[in-house]
Amino acid sequence: MVATSKMFCPKCGKETEEEGLCKACFEERYVVFEVPQVVEVRVCAKCPSYKIGDLWVDTNIFTYEELAKKATSRTVRLALSVSKEVSNPQVTVVPEFVGPQVLKVRVAVAGEIAGRQVSTEADVEARVRKETCDVCSRIAGGYYEGIIQVRAQDRFPTKEEVNRCLKIVESTFSRAAKAGDRLAFITDVFPLPEGADVYIGSSTCARQASRAIVDEFGGTVTEAPKLVGAKEGKDLYRITFAVRLPAIVAGDIVRMRKQVVLVEKLGKRVQGVDLATGQPTSAMEDVKLEKISDRSQAVRTVLVSGDASSVQILDPETYQAITIRRPAFLKREPGEEVWAVKTPEGVFLLPGGSRGKE
Ligand SMILES: [Zn+2]
Ligand SMILES: [Zn+2]
């Protein structure tokens, strides 16, 4: 051994700091990574999704530039193969627009081979193509798997009810879309005198939305599947979800068991106020309800006098003083106005200021 231990690269003969191949010859000998010079990037022209392999992927990105950059990075990373000899590879991919549909992508891979640090870089050209994704083309083609028919039992639903049902459908869908169900879209909504028909991409989602409506309003859902064909060997069904809102709505005055009840809420339980006592009352949803009046029939009258257990009011039709049991909700003093409703079961006061609403 020579004391002045100069080292030379066995390949190119240049002086080196370490034993064996110099850095340049070492990196030349190994292929650190491979990547195509040109990649094609596909983004949807209508929604923030891009295609990776055969799959369309949703994003929350709403500018074309950001979407194209994201899609480019993903596409390049997928196209990139790092040599198995590289341990702990760190890949950086930096796309930059050089034209409206063309990006230059700087790819760098750093890691270790046989205990030595290596880092290599390459440039990739990405060409962006705008296409129509699977979901957007289904929407454009009017695709649907489910129909929600919103109706009411023995009556037409009110505008408010229909609007509320559509809100419930929308929020069910935005939740499902956020959770990654790409068929969670509404194809069309048809308002009808007897309710509304909602055409829906995903039947799973349509089922969830129908149940959410019934959870809030009460009523029933029935499913009617119809075979419409086959796709990839699987039967393809379209399902109609017939939602029937209950005949009774909040604000109706009903006979429930032996009580006269102002209905306040329907759902798993019927909740309301027993108008005779003024106390809250409730029953299971399958209780028999018979409508005898509703809040819109209430009229103003005068509280004549009252004590702890009874009050005198003027009969709203005959203006004769009548005595009724004092309901627990009554806070008004003699001489003040109250709202009363005349039913086959007698006259009752309503809670609240006007027609039962404060
Ligand atoms: Zn060398
Ligand atoms: Zn799309």
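**Exercise 1. Overall dimensions**

What radius of gyration does the protein chain have, and what value would a compact globule of 358 residues have?

*Solution.* The model is a predicted one, and the reasoning begins with the reference value, which for a compact globule of 358 residues would be near 21 Å. The second step is to set the protein chain beside that reference, and here the radius of gyration comes to 36 Å. The third step turns to the principal axes, along which the C-alpha atoms of the protein chain fill a box of roughly 125 × 55 × 35 Å. To complete the picture, buried residues make up 28% of the 358 residues in the chain.

**Exercise 2. Secondary structure and domains**

State how many helices and strands the protein chain contains, and where the assigned domains lie.

*Solution.* Counting the elements gives five helices and 25 strands. The domain assignment then divides the chain into domain 1 (21–134), domain 2 (142–245) and domain 3 (252–349). Between the centres of domain 1 and domain 2, taken over C-alpha atoms, the separation is 41 Å. As for the contacts in the protein chain with a separation of 6 or more, 54% of them are accounted for by residues 24 or more positions apart.

**Exercise 3. An open sheet**

Work out the strand order of the open sheet that contains β18, and identify its edge strands.

*Solution.* The sheet has five strands, in the order β19-β18-β17-β16-β20, with antiparallel pairing. Its edge strands are β19 (279–284) and β20 (289–294), each of which pairs on one side only. Neighbouring strands of this sheet are turned by 40° against each other on average, with direction ignored. Looking closer at one pair, strand β18 (residues 269–274) is joined to the antiparallel β19 by six bridges, and within this part of the sheet Arg269 stands opposite Met284 in β19.

**Exercise 4. The surroundings of Gly146**

Is Gly146 buried or exposed, and which residues does it contact?

*Solution.* First locate the residue: Gly146 is found in strand β11 (residues 146–152). Next apply the cut-off, under which a residue is buried if 20 or more other C-beta atoms lie within 10 Å of its own; because Gly146 has 25 C-beta neighbours inside 10 Å, it counts as buried. Leaving aside neighbours within four places in sequence, the contacts of Gly146 are Ile200, Ser202, Ser203, Ala206, Arg238, Ile239 and Phe241. Finally, consider Ala224, which is 78 residues from Gly146 along the chain, while the C-alpha atoms of the two are separated by 9.8 Å.

**Exercise 5. The nonpolar core**

Which residues have the most contacts inside the largest nonpolar core?

*Solution.* This core has 74 residues, and those with the most contacts inside it are Ile148 and Ala340. Taking Ala340 as the example, and not counting residues up to four places away in sequence, one finds that it touches Ala298, Val299, Thr301, Ile313, Pro316, Val347, Phe348, Leu349 and Leu350.

**Exercise 6. Two positive phi angles**

Describe the setting of Asn88 and of Ala114, both of which have a positive phi without being glycine.

*Solution.* Begin with Asn88, whose phi is about 50° and whose place is in strand β8 (residues 87–99). Asn88 is exposed, because 7 other C-beta atoms lie within 10 Å, and the limit for an exposed residue is 12 or fewer. Turn then to Ala114, whose phi is near 50° and which lies in the loop between β9 (102–113) and β10 (116–131). With 10 other C-beta atoms within 10 Å, Ala114 is therefore exposed as well.

Conventions: Residues are numbered from 1 along each chain as its sequence is written. Chains are lettered from A and ligands numbered from 1 in the order in which they are written. This is a predicted model: local features need pLDDT of at least 70, side-chain atom pairs count only at pLDDT 80 or more; totals for chains, interfaces and linings use all residues. A nonpolar core is a set of buried Ala, Val, Leu, Ile, Met, Phe, Trp, Tyr and Cys residues joined through C-beta atoms within 7 Å. Two residues are in contact if their C-beta atoms, placed from the backbone, lie within 7 Å. Helices (H or I, at least four residues) and strands (E, at least two) are DSSP runs, numbered from the N terminus. The radius of gyration is taken over C-alpha atoms; the globule rule is 2.2 Å times the number of residues to the power 0.38. Two strands pair if DSSP finds at least two bridges between them. Axes are lines fitted to C-alpha atoms, for helices over the stretch in contact, and angles run from 0 to 180 degrees between N-to-C directions. Domain bounds come from an automatic or database domain assignment.
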